[in-house]
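Let's take a walk through this model together, starting at the ligand and working outwards. Keep the 3D view open as you read, and turn it whenever a new element comes up.

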Amino acid sequence: MFTLGRLIRSTSTSNIIAKRPLRLQRVSFVRPFTHIPYSSMATSKINKWVDENQSHLIDRLAKAVGIPSVSGNIAYIKDVERMAEFLIEQLTELGVKAETRPVGKHQLDGKEVDLPPVVIGHIGNDPNKKTLLIYGHYDVQPALKEDGWKFDPFTLTVDPEGSGKLYGRGSTDDKGPVLGWLNALEAHKETGTELPVNLKMIFEGMEENGSDGLDKFIESEKDKFFAGVDCMCISDNYWLDTKTPCLTYGLRGINYYEIRISGPDRDLHSGAFGGAIHEPMTDLISLMSKLVSPQGEILIPGVKDLIAPVTKDEQEKFEAIHFEMKDIHDAIGGDVTLTNDTVKTLMGRMRNPSLSLHGIEGAFSAVGSKTVIPCSVKGKFSIRLVPNLGIKNTTDLVIKYVNDEFMKLGSKNKCQVVLTHGGEPWITDPNHYSFRAAHKATETVWGQAPDYTREGGSIPITLEFANILGVNICLLPVGRGDDGAHSTNEKLDTSNYIQGTKLFAEYMHNLAAEQA
Ligand SMILES: NCC(=O)N[C@@H](Cc1c[nH]cn1)C(=O)O
Ligand SMILES: [Zn+2]
Ligand SMILES: [Zn+2]
């Protein structure tokens, strides 16, 4: 474990980091489970049902994608609530005891509003069975047709060219995988197959914005709702390529920052005032250009020195991954990789930190030639964190560097650096019975052994689950590396959605059969 804790979102404009105290990982309580033999009869009935009911399952995904549950934007607040209600309805129909729970309030557009509720549910309470906890999120990233989508992002669209791609925001991140679990439950119900495990589930509506409130909820429910959980499975990441399934045992963390520069108290005419004042955008662009080089090198002194050295074992694990440069070129739609070395590329994505510039709030960005001097701007960037590069030590370096560089500009504007949210990196032990169950399920469903990967993206709450509940977490992705999560034209292939549903069913049956 490389954890110290997780940032609690800073809503103030100070640079103070609120951090959870260090907690040692609890050792799971070992229970003598009745050995439940694996039944391929059960899963073949389930697989048949899944194959025969594909259009019904796709229709479920279409309903979910049709709800634009964009978190962190006041305009979509009702849709996020509607999505939680949709899940409750679906789960209840499947025999799950499901409810929404509040997780607190937050500031949105200057207003205090409820955070999206968590959806929790459980089915089965047999002391002779293992208890599996699954997590997913029902919120999505923003999407507008004019960003470059081929189809309306909130209408699930089957590729008219017949590729089987299901386009829509949330199709792969994370509505498809979440519904995969519901599909697997329905397949059990409809085929009269007993669930091989007790299942607990938690779906949140704030993952794309820092999972506010969820850590407190987990802490407060650890001996109530989460009592008795043996292991956990999360499906919220992707294969590396388009053909090799994988199991994931690590995630990069993330620190998200804003550099806020303010000057005059109103926007100004650049003809009238240009040449007479310190312009906030000029300061900001200067600062943002000093964060990362075009070769991807993080320019903040001290950051590189913190990265844990690569071990021989790690190097070998990266060399064993099936990956060609073509995979990433296809996934990004171009040949703009920093290197053509596969291992360096994989390490760049998964085990090294990266700094990305995301955007500037307050800057003029519409069509036309507005000659404005914006009075205040916020530059947004994030750093993906890796072992030894934590929320706090990274933020100390960032704040010092940006403030020092700002001083060098000799500007009379005001500058503030704010960490808006952060999550620590996470790595787990893939030599666990849950990974064994997922490995076998992958071989059965996909006909090949999975690669073992670390994910470049972040699911910051993973570390909280691991620390608070003291359970192993297996990341079991459904979608492919070219799904375009967070991008335009996000999609999930029909085969991944359907096989993913079978994978979850198979995994649960294998889990029941594995010796703990
Ligand atoms: N599928 C996981 C995912 O997309 N996670 C986000 C989490 C995040 C953090 N801040 C904003 N989003 C990611 O970007 O990795
Ligand atoms: Zn996600
Ligand atoms: Zn996401």
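Which elements each supply at least two residues of the shell around ligand 1? They are α4, spanning 171–190, and β13, spanning 253–262. Bear in mind that what you are looking at is a predicted model. The residues around ligand 1 include Asp-173 and Asp-174, Ile-254 and Tyr-256, and also Gly-457, Ser-458 and Ile-459. Glu-208, Gly-210, Asp-236, Asn-237 and Ala-485 are also among them. By character, the shell divides into four nonpolar, four polar and four charged residues.

Some of this region also turns up in a database record. In an unreviewed entry, UniProt lists His-137, Asp-173 and Asp-236 under "binding site". These positions are spread over 100 residues of sequence, yet they cluster in space, with a largest C-alpha distance of 8.1 Å.

Take His-137 to begin with. You will find His-137 in strand β7, residues 131–137. His-137 is buried, because 30 other C-beta atoms lie within 10 Å and 20 are enough to qualify. Setting aside its neighbours within four places in sequence, His-137 is in contact with Asp-174, Phe-203, Glu-204, Gly-205, Glu-207 and Asp-236.

Now move to Asp-173, which lies in helix α4. Is Asp-173 buried or exposed? Asp-173 has 27 C-beta neighbours inside 10 Å, so it counts as buried. Beyond its neighbours within four places in sequence, Asp-173 is in contact with Val-140, Asp-236, Ala-485, His-486 and Glu-490. Asp-236 therefore appears in the contact lists of both His-137 and Asp-173.

Next, look at helix α13, residues 433–446. With 14 residues at 1.5 Å a residue, α13 should span 20 Å, and its end C-alpha atoms are 19 Å apart, which agrees. Its buried residues are Ser-434, Phe-435, Ala-437, Ala-438, Lys-440, Ala-441, Thr-442 and Val-445. To read that pattern, recall that an α-helix has 3.6 residues a turn, so residues three or four places apart point the same way. The buried residues of α13 pack against the strands β11 (231–234), β12 (246–251) and β21 (472–475), and against α15 (494–513). Just after α13, Gly-447 takes a positive phi of about 70°.

Two of those packing partners are themselves paired: β11 and β21 run parallel and are joined by four bridges. Within this pairing, Ile-234 stands opposite Leu-475 in β21. In a regular strand the side chains alternate between the two faces of the sheet. For β21, Asn-472 and Cys-474 are on one side and Ile-473 and Leu-475 on the other, and all are buried, so both faces are covered.

Elsewhere there is an open sheet of three strands, in the order β8-β9-β22 with antiparallel pairing. Here β8 (157–158) and β22 (491–493) stand at the edges with a single partner strand each, so one side of each is left without a neighbour in the sheet. Two bridges join β8 to β9, residues 165–167, and Thr-157 stands opposite Tyr-167 in β9.

One more annotation is worth tracing. The unreviewed UniProt entry gives "domain: Peptidase M20 dimerisation" for residues 249–406. The end C-alpha atoms of this span lie 39 Å apart, and the span is 37% helix and 22% strand.

Terms used. Residues are numbered from 1 along each chain as its sequence is written. Chains are lettered from A and ligands numbered from 1 in the order in which they are written. This is a predicted model: local features need pLDDT of at least 70, side-chain atom pairs count only at pLDDT 80 or more; totals for chains, interfaces and linings use all residues. A residue is near a molecule or strand if its C-beta atom, placed from the backbone, lies within 6 Å of it. Ala, Val, Leu, Ile, Met, Phe, Trp, Tyr, Cys and Pro count as nonpolar, Asp, Glu, Lys and Arg as charged, and the others, Gly among them, as polar. The expected span of a helix is 1.5 Å times one less than its number of residues. A residue is buried if 20 or more other C-beta atoms lie within 10 Å of its own, exposed if 12 or fewer, and partly exposed in between; C-beta atoms are placed from the backbone. Two residues are in contact if their C-beta atoms, placed from the backbone, lie within 7 Å. UniProt positions are given in the numbering used here, feature names are shortened, and annotations may be inferred rather than shown by experiment. Two strands pair if DSSP finds at least two bridges between them.
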